Amino acid sequence: METQLSKRLSEVAKFVPKNAVLLDVGSDHAYLPIALLEQGHIERAIAGEVVEGPYQSANKNVQYSHLSDKIEVRLANGLAAFEASDHVSAITICGMGGRLISEILDAGKKKLASVERLILQPNNREDDLRRWLEKNDFHIVSETMMTENNKYYEIIVAEHGQMTLSNDDSRFGPYLLKDKSAVFKAKWQREWEKLAFALSSVPEDKLAEREVLMTKMAKIKEVISDVS
Ligand code: SAM
C-alpha cells in the first residue's frame, strides 16, 4: 500500500520536479521521499535528520518500504546531509519555523549553487525566509497557501535568480498577494482578529505599542478588502 501523505505534504510534493534527486531536510518519518519514490516521481533521495529518534524512525520506514536502495537516511545537521557528489537537484525543508529554515539555508549556502529548486514550507516567519531568498539571489517561482487541521500553511518555491520584494511582498507573498485566494483571506482575517485581541489588552496610554498593532491591522484590512 502506498504511503498516504498529509494534505500539506501532498501540496509540497506537487512542486518537486519529475526525476529529481531530492534532499528532504528534517525528514522525521521520511514520508515525503518514500511517497515520491513509490509514485515513481523522483529518481532517488536523501532523508536528512539531525535528531537521533526521528532519524531512527525515518530509517525504519525506509526499510519497511523496501526503498533502501533509493533513499539514504543520514544523521546530519541541515545541508551537511549532502555533498556535491550526490547531485541533489531539489531540496525540501518543511514543518519548521521560517527563521530556522533561513538559518539552515544560510549555513550551507555555498552548496546550493548546483541545486535547481528549493521547496520550503515554513510554519511561521515567512517574511524572514522570503528576505533570505531575496538577499541570496533566489527568486520565488511559485507559492501556495493551504489549510489543514485548522492551521494555515504557506509553501514557497524558489530557484536561482534575483528578485526585489516590497514590504507587502515579503509579508504576504508576491504570488499569494496577487491571487488573494479564499484561504489567503481567511488566514489574514484570523491574523487581524489576533491583533485586535492583542490591542484590546494594551492600555490606552501605551500609544507607540497601540500604533504598531493598529498599523499592522490597517495593512491587513487594506490587503484583504481589495477586490481588484
Ligand atoms: N519535514 C517533516 C514535515 O514537514 O512533516 C517533519 C517536520 S518536524 C516538525 C521537524 C523536523 O526537523 C524534526 O524531526 C527535527 O528534528 C528536524 N530538524 C530540525 N532542525 C534540523 C536541522 N538543522 N537539520 C536536520 N533536521 C532538522
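Here is a quick briefing on the sheet, the helices around it and the aromatic contacts in this structure. Keep in mind that this is a predicted model. At its heart for our purposes is an open sheet of seven strands with mixed pairing. There are also three aromatic pairs, plus a couple of lysines parked over rings, Lys111 over Phe82 and Lys221 over Trp192.

**The sheet**

- Reading across the sheet, the strands come in the order 3-2-1-4-5-7-6.
- Strand 3 (71-75) and strand 6 (138-148) are at the edges with a single partner strand each, so one side of each has no neighbour in the sheet.
- From one strand to the next, the twist averages 15°.
- As background, strands in a sheet pair through backbone hydrogen bonds, and the pairing can be parallel or antiparallel.

**Strand 2 and its partners**

- Strand 2 (residues 44-49) runs parallel to strand 3, and five bridges join the two.
- Within that pairing, Ala47 of strand 2 faces Val73 of strand 3 as its opposite number.
- Strand 1 (residues 21-25) also pairs with strand 2 in the parallel sense, again over five bridges.
- Here Val25 stands opposite Gly48 in strand 2.
- Strand 2 is largely enclosed by the rest of the structure, because five of its six residues are buried.

**Crossovers and helix 2**

- Strand 1, helix 2 (residues 31-38) and strand 2 build a right-handed β-α-β unit.
- A right-handed β-α-β unit is also made by strand 2, helix 3 (residues 52-64) and strand 3.
- Helix 2 has six of its eight residues buried, so the rest of the structure largely encloses it.
- Those buried residues are Leu32, Pro33, Ile34, Ala35, Leu36 and Leu37.
- What do the buried residues of helix 2 pack against? Their contacts are helix 1 (7-14), strand 1, strand 2, helix 3, strand 3 and strand 4 (90-96).
- After helix 2 comes Gly40, which has a positive phi, near 70°.

**Helices lying across the sheet**

- Helix 5 (residues 126-135) lies across strand 5 (117-122), strand 6 and strand 7 (151-160).
- The angle between helix 5 and strand 7 is about 0°.
- Helix 8 lies across strand 6 and strand 7, and runs at about 75° to strand 6.

**Aromatic contacts**

- The count of aromatic pairs comes to three.
- Phe172 and Trp188 have ring centres 4.6 Å apart and planes at 65°; since over 60 degrees counts as edge-to-face, that is what this pair is.
- This pair links distant parts of the chain, with Phe172 in helix 6 (residues 167-172) and Trp188 in helix 8 (residues 182-200), 16 residues apart.
- Are these two residues buried or exposed? Phe172 counts as buried because its relative accessibility is 0%, and Trp188 counts as buried too, at 6%.
- Phe172 and Trp188 belong to one aromatic cluster together with Phe184.

**Lysines over rings**

- Lys111 places its charged end over the ring of Phe82, 4.8 Å from the ring centre.
- Lys221 does likewise with Trp192, where its charged end is 4.4 Å from the centre of the ring.

Methods. Residues numbered from 1 in each chain as written. Predicted model: local features only at pLDDT ≥ 70, side-chain atom pairs only at ≥ 80, totals over all residues. Heavy atoms only, no water. Phe/Tyr/Trp six-rings, centres within 6.5 Å; stacked < 30°, edge-to-face > 60°. Helix = DSSP H or I, 4+ residues; strand = E, 2+ residues; numbered from the N terminus. Buried < 20%, exposed > 50% of the residue type's maximum accessible area, 1.4 Å probe, protein only. Lys NZ or Arg CZ within 6 Å of the ring centre and 35° of its normal. Pairing = 2+ DSSP bridges. Axes fitted to C-alpha atoms, helices over the stretch in contact; angles between N-to-C directions. Contact = heavy atoms within 4.5 Å. Right-handed = clockwise from strand over helix to strand, strands pointing away.
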